[in-house]
2 protein chains.
Amino acid sequence: MLNYSTSEENYIKAIFHLQKDGTVTTNELSAELQTRPASVTDMMKKLKTKKLVHYKAYRGFRLTAEGTRVALLIIRRHRLWEFFLAEKLKFNWDEVHEVAEDLEHVGSKKLIDKLDEFLDFPRFDPHGDPIPDSNGKIENTRQVCLTDVPINKPGVVGHVSDQSSEMLELLGHKKIGIGTRLEVKKKFSFDQSMEIKVRQQPPTHISWELAKNIFVKYEN
Amino acid sequence: MLNYSTSEENYIKAIFHLQKDGTVTTNELSAELQTRPASVTDMMKKLKTKKLVHYKAYRGFRLTAEGTRVALLIIRRHRLWEFFLAEKLKFNWDEVHEVAEDLEHVGSKKLIDKLDEFLDFPRFDPHGDPIPDSNGKIENTRQVCLTDVPINKPGVVGHVSDQSSEMLELLGHKKIGIGTRLEVKKKFSFDQSMEIKVRQQPPTHISWELAKNIFVKYEN
DNA sequence: AAAATTTTTTAGGTTTGTCTAAAAATAATT
DNA sequence: AATTATTTTTAGACAAACCTAAAAAATTTT
Ligand SMILES: [Mn+2]
Ligand SMILES: [Mn+2]
Ligand SMILES: [Mn+2]
Ligand SMILES: [Mn+2]
């Protein structure tokens, strides 16, 4: 059913992380994986015949449903190993990624499910990222108040606490709603206001009062 | 200094296990690794240029000192993972080998040394085989009383606890001494006596009192 | 809209590790 | 010793995953 090479898995996982919005480009992926663009094109052709990505020449690519399923299993392995390394082997949290990058390709499902059990079903890896369960279902729900979101870390609006018409008027004007992907670009300590970037639009400025009511979840 | 591919490592390890005595032949190795003889010849040429094997065409091969050093590090990784899988993840002892076959190729030294520590420096894997330490030194000395040796598992006599002349007379008569290789063929519950086979000789019967004083080490 | 720039793909190689088929060397039989 | 059989090596191919250089498409600038 599923058995992919280390290279294929690395490409699939990288696409998953890059495709937050829209499609991924050849250059983005080649930068992420430290390969040449020509190699990316080669691999995309292969992943297309395996029905793991949607791809049309010059048009970028994204994972199919099956590709996403595979990606989540790889991410599950990666994050479980990271948790194991930090929690049990006492690695520093900044050392775990590199080793997990190799361990994630050992594909035995039984190994991973037993590891999960041994670790007592951890829900987040040492970096705070959620660990998919054995069906590949990922905890999507860690919502963070926009005032606590770090600069340049993209998030998707998942909840707005004040739902008054005044609030909705303002949000409508800013073109922000549930599912809107945004990024905090700058914070001003004077009044805690901030400049944010909503996809396809120029940066816009919002007050602390507004930010306080917007909750965001991170994508993985 | 050391960084070998998964294929190279599998060949090195297989040679180590096969070279117990004398040299290893192309066919032996190709049978062990499920490849064709031509592939073995190719790899031997490569390992020779890397100075990991002694090899002359048509004359068989064995590991160099460096090759042995590398082999022991791979075996260390393999057996530590096997121990982890059995002890911590509750795998059955007959399931661990296959998974360890992949895990052994994740080469981080820090990973393995920390795993070793986490496991509290186990000295034997779930099959009773000794685990090399972080310098690749292997415990050669596990001596097992002949009464505890399983049927048909060959061992070499390493120690005899009672060294009286009466004992030595009996041992001499049975042609058993330090270094003698033997195998338990049958155990009789009536009096705990057993039939054993000493190389080149017909099977012989020994008492429980005698077996109790003979200690054996396994070969690896 | 044309020209210039950037991005992406194609064409053709390289390395690693495998294979088949044929040739050469060694070992076993007669 | 000669013949036969077995083992091992060589020669030539192939797939996977990369690469460089050139061509083609898309995008941006003038
Ligand atoms: Mn990886
Ligand atoms: Mn992580
Ligand atoms: Mn292996
Ligand atoms: Mn073992």
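A residue counts as near a strand if one of its heavy atoms lies within 4 Å of it. The views below come from a predicted model.

**View 1. The protein surface beside DNA strand C.** Of the strand C atoms within 4 Å of the protein, 79% are sugar or phosphate atoms, and the rest belong to bases. The strand is surrounded by 21 residues. The closest of these are A:T41 and A:Y55 from chain A, and B:S5, B:S39 and B:K46 from chain B. Sorted by class, the surface near DNA strand C consists of 8 nonpolar, 8 polar and 5 charged residues.

**View 2. Side chains of chain B at the phosphates of DNA strand C.** Three residues are shown, each with a side-chain N or O atom and a phosphate oxygen of the strand. For B:S39 the two atoms are 2.6 Å apart. For B:S7 the separation is 3.1 Å, and for B:Y11 it is 3.4 Å. The elements giving two or more residues to the surface near DNA strand C are, in chain A, α2 (26-33) and α3 (37-49), and in chain B, α1 (6-18) and α3 (37-49).

**View 3. The interface of chain A and chain B.** Here 18 residues of chain A are in contact with 18 residues of chain B. The two chains bury about 1500 Å² between them, with 79% of that area on carbon and sulfur atoms. A:L89, A:K114 and A:F118 together account for 30% of the area that chain A buries against chain B, more than any other three residues.

**View 4. Salt bridges and polar contacts between chain A and chain B.** The count of salt bridges between the two chains is 2. One of the residue pairs joined in this way is B:K110 with A:E95, whose closest N and O atoms are 2.5 Å apart. Polar contacts across the interface involve 5 residue pairs, both residues of each being at pLDDT 80 or more.

**View 5. The helices of chain A that touch chain B.** At least two residues each are supplied to this side by α4 (65-87), α5 (96-103) and α6 (109-118) of chain A. The largest share, 5 residues, comes from α6(A). By class, the side of chain A that touches chain B has 11 nonpolar, 1 polar and 6 charged residues.

**View 6. The domains of chain A.** Chain A is divided into domain 1 (6-63), domain 2 (75-135) and domain 3 (144-218). Taken over C-alpha atoms, the centres of domain 1 and domain 3 of chain A are separated by 30 Å.

Key
Residues numbered from 1 in each chain as written. Chains lettered and ligands numbered in written order. Predicted model: local features only at pLDDT ≥ 70, side-chain atom pairs only at ≥ 80, totals over all residues. Heavy atoms only, no water. Domains from an automatic or database assignment. Contact = heavy atoms within 4.5 Å. Buried area = accessible area lost by both parts, 1.4 Å probe. Salt bridge = Lys/Arg side-chain N within 4 Å of Asp/Glu carboxyl O. Polar contact = N/O pair within 3.5 Å; in protein donor to acceptor, adjacent residues only side chain to side chain. Helix = DSSP H or I, 4+ residues; strand = E, 2+ residues; numbered from the N terminus. Nonpolar A, V, L, I, M, F, W, Y, C, P; charged D, E, K, R; others polar.
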